[in-house]
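Let's take a walk through this one together. Have the sequence and the 3D view side by side, and follow along.

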Amino acid sequence: MTSTRIIIDTDPGVDDALTILLALASPEIELEALTTTQGNVTIENATRNALSVLELAGAANIPVARGSSLPLVQPLRASGLVHGITGLGRSNLPEPKNKPLAPHAIDFLIERFLAEPGELSLFAIGPLTNLALAIRKEPRFAKSVRELVIMGGAIREGGNVTPLAEFNIYVDPHAAHIVFHSGIPIILIPLDVTHKCILNQAHIDRLARIESPISRFIADAVADYLKISLEWGQAGCALHDPLTLATIIAPDLLTLRECAVDVDISTGVSMGKTFADFTNRAGISANMKVAMEVRGGEFIDLFLQRMENLSRAVV
Ligand code: BDR
Ligand code: CA
């Protein structure tokens, strides 16, 4: 099997951490590097968490480049509400032994993608600040990315930070605007589908039957995210970021629609709202494929199988 080589731009974040673990547990994927951004947490915590999660999974050889500490225009929104103050819930991973690479994430991304144009795919599971800055800094960057998969936006679904806007896009809508109009081939994974991929206590209990640092970490990291999701009336917590990897490991579970998608960067009530022109009434060319349906139960089952395998491998 030839695996897809990817770099993940991330703001770990509980579901970001689960995405890193899922990538490591998936033979279809070759995780080449992580780049970090502010978002769920500050850049310091995001970078520390990225390194710690890699070390937890025995993948300390994977490099991490530290990225942007502020959105382009908006203020920092990091808060402990969903992900906890450190970003990884109640887990208490040791300080990482490794340090991030010397180059800034923006320069690292430019260098890596330009070295092998069209070979690497990029997964963006936090605010899009690093990507926007790379696009602006190096005009050849956009053309060198094979495919960009973004967790972000809410098309027909309501928002999760305002009534209209999804977190990753709301935190840096101006960056999203640059990325959406960059010409990079994009797949968008919005709340419309991630809200159908729900992890519940029974799933955590199933994993906990395997005694492993991985299953323990998942239970501790997810505990408060699960609790607050239940308080919000949901059946469990959504696996937003991990679902991006379904584009590689289980593409049949997703239904994609090609269309023009844009984001509101005005400062009104709909700032950060993503909207799609499915009817093409405006005659604007499609700029991405958007996932509008998912077989969520099957994705959760696949996620659990992979986490069981990883738990057995890391003891
Ligand atoms: C997105 O927001 C963050 O809190 C999650 O990590 C995910 O990337 C979901 O809206
Ligand atoms: Ca995230």
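A donor here is an N, O or S atom within 3.2 Å of the metal when that metal is Ca, and since water is not among the atoms, a site may look incomplete. Keep in mind, too, that this is a predicted model.

With that in hand, go to the calcium ion (ligand 2). Its donor residues follow the spacing D-x4-D-x108-I-x115-D in sequence. Asp11 sits in the loop between β1 (4-10) and α1 (14-24), and Asp241 in the loop between β8 (237-238) and α11 (246-249), so this pair ties together parts that are 230 residues apart in sequence. The coordination comes from OD atoms of Asp11, Asp16 (listed twice) and Asp241, plus the O of Ile125, at 2.2 to 2.6 Å. Asp11 is buried, at 0% relative accessible area, and Asp241 is buried as well, at 2%.

Now for the sheet. It is open, with nine strands in the order β3-β2-β1-β4-β5-β6-β11-β9-β10 and mixed pairing. β3 (64-65) and β10 are the edge strands with a single partner each, so one side of each has no neighbour in the sheet. α1 packs on this sheet, touching β1 and β2 (29-36), and its direction makes about 150° with that of β2. Further along, β5 (residues 147-151) and β6 (residues 186-189) run parallel, joined by four bridges; Val149 stands opposite Ile187 in β6.

Last stop: Gly268, in the loop between β9 (254-263) and β10 (274-277). Is Gly268 buried or partly exposed? At 43% relative accessibility, Gly268 counts as partly exposed, because the buried class ends at 20% and the exposed one starts over 50%. Its C-alpha atom is 27 Å from that of Ile43, 225 residues away along the chain.

Note on methods:
Residues numbered from 1 in each chain as written. Chains lettered and ligands numbered in written order. Predicted model: local features only at pLDDT ≥ 70, side-chain atom pairs only at ≥ 80, totals over all residues. Heavy atoms only, no water. Helix = DSSP H or I, 4+ residues; strand = E, 2+ residues; numbered from the N terminus. Buried < 20%, exposed > 50% of the residue type's maximum accessible area, 1.4 Å probe, protein only. Donors = N, O, S within 2.8 Å, 3.2 Å for Na, K, Ca; no water. Pairing = 2+ DSSP bridges. Contact = heavy atoms within 4.5 Å. Axes fitted to C-alpha atoms, helices over the stretch in contact; angles between N-to-C directions.
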